[in-house]
Amino acid sequence: MPQIDEYLAANSDRFVRELLEFLRIPSISADSRFKDDVRRAAKFVHSQLERLGFASQLVETEGHPIVYGQSPQVEGAPTVLVYGHYDVQPPDPLNEWVTPPFEPTIRDGYVFARGATDDKGQVFTHIKSAEAWVKTTGQVPVNLKYVIEGEEEVGSNNLEIFLEKWRDRLQADVAVISDTSQFGPGRPAITHGLRGIVACEVTLRGPKQDLHSGIFGGAIANPVNALARAIASLHDASGRIQIPGFFDDIPPLTDAERQRLAALGFDEAGCLADIGVSAPFGEPGCTTLERRWVRPTCDVNGIQGGYQGEGPKTIIPAWARAKITCRLVPNQSPEKVALALEQHLRENCPPGVT
Ligand SMILES: [Zn+2]
């Protein structure tokens, strides 16, 4: 494929420019203030596909639109369905960014912007590789179907409905999802599984309003204290999850699986240095890679409650809230885990807090 390589090399500057344009769109699906920007990102993908001569359309949903694109039919060739998403996570906290999240910047050969590796960069790769084929040989050698959604970061609820409705049109021999990462520079990877998720928000309520801690402190349960205790009960000191029944349905890792993971030669020290952490921590008896890839988790993603302003304010807060998610592995039922989590939190809540 020398002419394709030549085309890619000759156009790489333009590809990067167009990618930066894509990255400049703040398509934050979780935040309704960005609804128009999310649509703008969908239109961007749509026009990219259209420019290749692919049949492309915005499919409306109850939420953000799905972009569907299809290359001209090549008889006898296999069909490849490419999935990706054009929405991004909220960029907060903004002051932690070296350069603003929606002003893409290239440093040391890397593009820094919200969504650069999740998932706009990957989506763009699939579009531009098709472009290279179309512009050099006249067509892609397979039948391509693109499903690029705008709600991946908020649970993909409308994708399920779309897949059901479009079942026949989406028939394919293989589905390619590049909403994943490489194992390392120059080490591409085929990801054959990802952990699932259960997400919930827990609110503990105590008194009907904030109270003075000098008058009521010590006499009633403080919702923030109670929430901290309930959260602490989710793990033991070693990091093992304590929710009853949580591990029941999970088959143990086989020796062969453990060996294959170990054989990858994961650079743990380098990884920890990259993220600025001095020591690994997690389920006893597992390696870091096992904890990251094949074991389930339970994590607090955010916590709220009480006085957040400058200086002290001596209150017993009226409420406290936490966002909690569990990463799940094969055989775990999300419904069962959600129920067990709820029950465990309820049981670890003191009287007077609901
Ligand atoms: Zn993603």
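The zinc ion is held by three residues of the protein: His85 through NE2, Asp118 through an OD atom, and Asp179 through two OD entries. These donors lie 1.8 to 2.4 Å from the zinc ion. Donors here are N, O and S atoms within 2.8 Å of the metal (3.2 Å for Na, K and Ca); water is not among the atoms, so sites may look incomplete. This is a predicted model, in which local features need pLDDT of at least 70 and side-chain atom pairs pLDDT 80 or more, while totals for chains, interfaces and linings use all residues. Residues are numbered from 1 along each chain as its sequence is written, and side-chain values use heavy atoms, without hydrogens or water.

What is the geometry of the zinc site? It is irregular, with angles of 57 to 144° among the four donor atoms. Four donors would count as tetrahedral if all angles lay between 85 and 135 degrees, and as square planar if opposite donors were over 155 degrees apart and all others between 65 and 115.

In sequence, the donor residues follow the spacing H-x32-D-x60-D. Asp118 and Asp179 link distant parts of the chain, 61 residues apart. Asp118 sits in helix 3 (residues 116-137). Asp179 sits in the loop between strand 7 (174-177) and strand 8 (196-205). Helices (H or I, at least four residues) and strands (E, at least two) are DSSP runs, numbered from the N terminus. Asp179 counts as buried because its relative accessibility is 16%. Asp118, at 31%, counts as partly exposed. The cut-offs are under 20% relative accessible area for buried, over 50% for exposed, and partly exposed in between (1.4 Å probe, protein chains only).

Now turn to helix 4, residues 157-165. Its buried residues are Asn158, Leu159 and Phe162. Seen down the helix axis, they fall within an arc of 105°, so they line one face. That arc is taken from the directions from the axis to the C-beta atoms. On the other side, Asn157 and Glu160 are exposed. The cover over the buried residues includes strand 1 (55-59), strand 2 (66-70), strand 3 (79-85) and strand 6 (143-149).

Finally, the whole chain. It has 10 helices and 12 strands. Its C-alpha trace spans about 80 × 50 × 45 Å along the principal axes. Of the 354 residues, 40% are buried. Among contacts (heavy atoms within 4.5 Å) with a separation of 6 or more, 71% join residues 24 or more positions apart.

Conventions: Tetrahedral: all angles 85-135°; square planar, octahedral: opposite > 155°, others 65-115°.
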